[in-house]
Amino acid sequence: MDEYIEVNEVAGGRPEYRLNRVQMERRGRGRSIATTFMLFVALLVLQLPLRRVADGAWEVAFVASRTVDLPVVVVAARLSLLVDLVMIGVYLALTWRSLELMWAWERRSKLRRVAYAAAIAVVIGAVMDLAEDVVLWIETGAPDWQGDLSVPWTGWMRWFVCAGLVVVLLVALDSWRRWGKPPLDTGDGAEKGEEDGTDEAEKDQLHRIICCSGGGVRSAAFCLGGLQELTDRGLYADTDHVIGVSGGGYIAAAYHTVRWHSGDSDDDANWEEMTPPAFAPGTPEVQRLRRNSSYLLDSGNSALQGLLSLLFGIVVNLVLLTAVLGATAWLLGWYLVASGGLSGWHTATAASLEFTFGPWQEALWIWLVPAFGVALFVLERVVEKYLTIPFDKRMPIRRLSGALITYGTLLTLLLLGVPTALEWMHNFAASSGSAAANLLHALGFVPNDVCIEQLKQGTPKKPATACGVTSTMSLTTGVAAGELGGRASAPWVSVGGAMAVLTAVLAVARSARGALGGDGAPGAGRGAGLGALLAKVWLKVKDVVLPWAATVTIAVVLLVLLLRWTAGLVAVPEMLASWDLALGFLATLLALRLLTDVNRTSLHHFYRERLSFAFIVQRSTKAAGPLSYRKSLRFSQSRPPETRPGPRLVACAVANINDPGVVPVNRGCAPFVFDDTQIGLTDQQLPSGVALTPSAFYEYAADRRFRDATIPAAMAMSGAAFSPLAGRQNKRLNPYRLVLALANARLGVWLPNPLWIDNLATVRRLVRTRNEPETLRAWPDLSPTERKLLVKDYLNRPDQRWLWDLLPDPGTTKGNDPRFVRPPEWQQPEPQVGGAPLWLSLRVAVYRLANAVIGAQSKPGPSRLLKEAVGRTSIYDRKLYITDGGHYDNLGLVEALRRRPKEIIVLDASADPEDTFRALGEAIATARMDLNCEVTFDPRSMRRLTAERSTAAWGNGHYRFDDDNTEGVIRMVKVIMVEGLPWDVEAYSGNNPKFPRTGTGDQLYDEFDLEAYRILGREVTKKLIANPPPKRTGRLAYWRKVGACIRGVPQ
């Protein structure tokens, strides 16, 4: 059995297969440290040639045609300092992640103290390293600098960093190696309700759950009518949960927050009785919704804000991309100039890879890296002939082979392919009069002086050709040498250069058409036959090729820019000595990292704000208005009190992951839910007890100021249909993913992976920062074993004393509550005499500052944008990309079935093709595959077929779980036109042929749009209530029990 799979026994003796919690965490933390360590090693390798040139150990080549001496040594020195700045951040991150791995497992206090001492040494070394870089940057600018890259404390700095890193990594490696049964294996899953996401009050079967499907404003309006009818009949108040997906989640959250924040009080938990009920017809909140149905772009100002949000993200994306390309071109340009890897650029025949000094020639062997990866693959095949390699030994070899091939090929293309390509383009353009040569000249791949010299060598009898023109053409058309020399003189393509590029591209297209035998060209008859053949082939492949056109175009443009900027630095090497541009990029990147993140640059915050303004309202005695956007509407505080009947809110989203063996092929996601008890992944294969995290812990982990996992945020994430990653729609989005990411068409959000959240570390952080309210909220969510471990291993004496004083005394009513009981082994700490000392107050202040900094820097960085663009997300990552719940189940039915209520009411406003009921079919199949639940629901009576209208827009079915024979009823209404609707709906339908399946992309509804869907939802729900499901006969129930007894299932 795979080491990542564990087998548990469930009811009836049936084995249950889950991913192993310990091995998943071990693998995830190991991957995180390994990735950071590989980046650290890559930067060390990059620094080697820079340092060797700077200290004079390696010779450098000189370009013969350069008129200004290039301070190659200074350039190398300062490039080395910039790389060193990045290295400081990398080895500090490596130290932190090693400590995190130690905290997750290591309990030996002595080893912990050793690791802490080593980490302090690394931090001291990092401060000294930063000071060294500043001093050396200033010294390298002095005219008399002698190439010495050291300061008096360099030796001590290296000892601090190297010794500290080695010790910390050894401790982390020891913890990772001994990772076995987790030290905290409480076995309290049943006690805490972690197994099925319920709590003590929900051990009995739930009564009713209402599901509001996805579908944008169409679904919000349809579900509004349905919920109004269910409220009038008393069914809404008698419901346990309302599950919202996408647009249905808008109105589900709106209902809940109005009930929660009713009246004039601004208390977080007033739950005042409402008369009339929330969102009843004619209430202020309904009237307000009608006035904000075009919530996204309801005014010129909101349209401007949306446009600015879009452009802000695009600009940030382009700056990041430009910085990466610019840094790569800068390093390549220095490498080619210093090593002689590209010479003769200012002549008609450039030469590449003719290195003039021994060590530089080692670059010629870089192709051995991918070759070694291929050799590993071949070796595995040879060994398999004689030995059977175990799977756990085979996979590391394959991962190493894949990494060597991937990264080795990339390095080979950069170090060998780029100079070879530049040489070919330069020499071709310098000697050809073709349109392609003209294009290359316009792009700047051949200097103007080379073109002019080549054209001067021509005679009237034997004209010369260069850069797409001939010497005869230049004379007869008036293209003077000065005009030719004015093109593409800088390393950046100007507007005139862009026009020249466009002209050249059209010329190339005309040439290609002529070569294929276009109209009037020689061989036209032959071309017609070839054209007909090509037309047939094109009809077959266009649906496959066209979607990738934009992605291929972007890739080609990025490649051309990289080559162009590298060529510009080779042509004008003096630019390598100008640091204004490099420092500007560095300052911009640092500002972007400190001031924003990829969540902030996406459209999520604009989307969330508009949704909150329209749907998150508060009814007062006078009117309904938007609830303060600054208020943190936390799920952990949203549970209705027992005195106020009504459902609890659940928001459904998905976490986009594509790990083989974790999710089925082409699914690309796992369900992700928000409710007042737990937040996280509900995939049945994921480890119980850790895939779902207590809501209070998750809200704090997502954002220290409780802004990223709130009800408005979840409502926006549940409706984030427009994103580069889209769960089960990923295969269809593959060709457009790069375009969507760069164009900032991103509504998804990166949130913490619940598998990485350490509850005990969270409580320790709350205690150390003396956060009283959150500590009291978090303590009840800890099991008795966790409380004991927290006090024993996580808190020192001052922290234990503070926590003891904070918790209610056992003699009080709150202190006798089992949720606040102290561990029996915990003895009362000795009281502090004379109050808290100054050092303790300073320590708390330092912890609060560090907590704020860590919270700000834990936001997703630019690497997450790259993961969106290429679609590489993993369950083992620290962050998960959360998008629309409809990317897994647009009805919310699967989540309702997971909770196993007696009755499920589904309000389905999905715009699936008529008569297909595709969303229902996918939900039925998913329930069978993921939950082993058999759903019986036949919607054939709801189909229109050839009739003018469907006979019914409602239906009844049932479900049954095979493990314990839990059963329930499923009742569903569908957004379908039926007979007997009010005339205003009929009139609206006549004027709007797309009704009732208006596209989800249309989010700008007016009052008639909203009202038509609301009334349709109300009327079909009324019909559903009037047609209850048939009762199951006693004989059928009897024989089901007999069958259960035969199978050995307890009753």
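Trainee: Which handedness does the crossing of α11 and α12 have?
Mentor: Ground rules: this is a predicted model, where local features need pLDDT of at least 70 and side-chain atom pairs 80 or more, while totals for chains, interfaces and linings use all residues. Residues are numbered from 1 along each chain as its sequence is written, and side-chain values use heavy atoms, without hydrogens or water. Left-handed means the near helix is turned anticlockwise from the far one by less than a right angle, right-handed clockwise. For α11 and α12 (helices are DSSP runs of H or I, at least four residues, numbered from the N terminus), the crossing is left-handed.

Trainee: How is α11 oriented relative to α12?
Mentor: The axes of α11 (residues 391-431) and α12 (residues 435-443) come within 8 Å and cross at roughly 120 degrees. Under 35 degrees is roughly parallel, over 145 roughly antiparallel, 65 to 115 roughly perpendicular and the rest oblique, so α11 is oblique to α12.

Trainee: Which residues of α12 does α11 meet?
Mentor: Contact means heavy atoms within 4.5 Å. From α11 come Met425, Phe428 and Ala429, and they meet, in α12, Ala436, Ala437 and Leu440.

Trainee: Is Asn730 buried or exposed?
Mentor: Asn730 sits in α24 (residues 730-733). Leaving out residues up to four places away in sequence, Asn730 touches Asn656, Gly668, Pro724, Leu725 and Arg737. Buried is under 20% relative accessible area, exposed over 50% and partly exposed in between, with a 1.4 Å probe and protein chains only. At 13% relative accessibility, Asn730 therefore counts as buried.

Methods. Axes fitted to C-alpha atoms, helices over the stretch in contact; angles between N-to-C directions. Helix = DSSP H or I, 4+ residues; strand = E, 2+ residues; numbered from the N terminus.
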